[in-house]
Amino acid sequence: MKLRLAAALPTIIQCSVRASQFGKMSGKLSRVVRFIRGLLGCARLCPRWCGESTNPVQRGQSSMTENKSPSRLKDELRILLGRIEEVPLSSRLRSLKLLRAYARLRETRLKSGLRAKLVKLLGLLGVCLLVYLARDYYHSVKYDRCLIDQPPLVRQIFRPAEDCSVCRDVKHVEKISNVDPKLFEERYAYSGRPVVIRDATNGWSAMQVFSFAFLKELYEGQDANCQFFPYKTEFRSLQDVFNMSTSRALLQAGSKPWYVGWSNCDQAIGTILRKHYQRPYFLPDTAESEKTDWLFMGSPGYGAPMHIDDVEYPSWQAQIRGHKTWILEPPRECHYSCNRVEVTVNPGEIIVLDTNKWYHQTLIVSDDVSITIGAEYD
Ligand SMILES: O=C(O)CCC(=O)C(=O)O
């Protein structure tokens, strides 16, 4: 008998699972009755019982059971428990074991149901995060300086909190001239305090030479820009910019506005550019102005949106043509201790700004095209 029961154990477990899947009954009681019935059927090693459970007629009976009143179910339960009593002890022990197995199975089912829901929820969150990061990355490629870099969201999350002393005393952007490099080093170069140097481009031929036409000729047939920011325009490359209609390039009435930025890392072009400008005279002797030039060019009413950079060093930018207003906002953690400031940079002036510390936005405010050139310095 023991051997037969042991051999039949898998069938019994299968039956008990089937019994548990019999359909939803009203309340726990009916489930217990149904389950014990299943066990009894299994304990008698009646494989037909299991087969019958899938039979539509049997299912009809089961749904009849579902409609039974609680007192009727209690009676049935009593009878069934009586029958269990009649089953030999070893089989009863097995029934108990089965009951425990059943409980575990139900628990597992519950748990796996919950787990499936959790997996779905996590999947959904993951997809949302991916979409957000993709948008963020697209934005970073479009507007920020580094192509292969952490997306801005990640950068902003892990950006160390700024010491607000960099902006606490800044009530406006100072404009200075005839600057001693020593004083510049002490007061502005690495302090994060923005400043405009008025007489910064004295003697630069760029002031006369740089124009849309000059840059167009320089870049003709060259795909020499390392990074290109189209901002709100439809341009996909610097070549597109230089291929725009003459009327649009000359900002004639009725033409579409435009504003773009790019970095030059073509050595030959860099050498020509640098013939027309020199290293800013106020930079400390020890400071090296980076070799990569950054150029921004465009029409009135346009500019760069508010953002913060993640570049290595502070930057200088010379206004060659046109007038550009800079709107500077302190880092978010310094909102209550620092001010938002604005400054308009005129032709011949250089703005020095740590674009890693200040959120910045620009707007061309002249009727003329704006052309700037700049670089980072260490
Ligand atoms: O010159 C501009 O319009 C924007 C410059 C800028 O965003 C930058 O240098 O990070």
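Which residues surround the ligand? I looked this up first. The model is predicted. I list Phe296, Gly303, Ala304, Asp309, Ser315, Gln317, Thr355, His360, Thr362 and Thr372 around the ligand. I then asked which elements give two or more residues to this shell. They are β6 (315-321) and β10 (359-364). By class, I find two nonpolar, seven polar and one charged residues in the shell.

**Entry: overall layout**

I find 13 helices and eleven strands in the protein chain. The chain has 378 residues, and 28% of them count as buried. I also checked contacts between residues at least 6 apart in sequence. Of these, 80% join residues at least 24 apart.

**Entry: strand β7 and its partners**

I took β7 next, residues 324-329. Which of its side chains are buried, and which are not? Lys324, Trp326 and Leu328 point to one face and are buried. Thr325, Ile327 and Glu329 point to the other face and are not buried. In a regular strand, side chains alternate between the two faces of the sheet. I note that the buried face of β7 includes Lys324, next to Trp326 and Leu328 in the list.

I looked up the pairing on each side. β7 and β8 (residues 341-345) run antiparallel and are joined by five bridges. Lys324 has Val345 as its bridge partner in β8. β7 also pairs with β10, again in the antiparallel sense, over six bridges. There, Trp326 has Thr362 as its bridge partner. Thr362 is also one of the residues around the ligand.

**Entry: nonpolar cores**

The largest nonpolar core holds 42 residues. Which members touch the most others? I get Ile197, Val260, Ile350, Ile351 and Val352. I followed Val352 further, leaving out residues up to four places away in sequence. Val352 touches Tyr188, Pro194, Val195, Ile197, Pro314 and Trp316. A second, separate core has five residues, among them Val166, Val170, Cys334 and Cys338. In soluble globular proteins, nonpolar side chains tend to be buried together.

**Entry: positive phi outside glycine**

I checked two residues here. Asn178 has a phi near 50°. Asn178 is in the loop between β1 (174-176) and α8 (181-189). Is Asn178 buried or exposed? Asn178 is exposed, because 9 other C-beta atoms lie within 10 Å and the limit for exposed is 12 or fewer.

Leu251 has a positive phi of about 55°. I place Leu251 in the loop between α12 (246-249) and β4 (259-264). Leu251 is partly exposed, with 18 other C-beta atoms within 10 Å.

Methods
Residues are numbered from 1 along each chain as its sequence is written. This is a predicted model: local features need pLDDT of at least 70, side-chain atom pairs count only at pLDDT 80 or more; totals for chains, interfaces and linings use all residues. A nonpolar core is a set of buried Ala, Val, Leu, Ile, Met, Phe, Trp, Tyr and Cys residues joined through C-beta atoms within 7 Å. A residue is buried if 20 or more other C-beta atoms lie within 10 Å of its own, exposed if 12 or fewer, and partly exposed in between; C-beta atoms are placed from the backbone. Two residues are in contact if their C-beta atoms, placed from the backbone, lie within 7 Å. A residue is near a molecule or strand if its C-beta atom, placed from the backbone, lies within 6 Å of it. Helices (H or I, at least four residues) and strands (E, at least two) are DSSP runs, numbered from the N terminus. Ala, Val, Leu, Ile, Met, Phe, Trp, Tyr, Cys and Pro count as nonpolar, Asp, Glu, Lys and Arg as charged, and the others, Gly among them, as polar. Two strands pair if DSSP finds at least two bridges between them.
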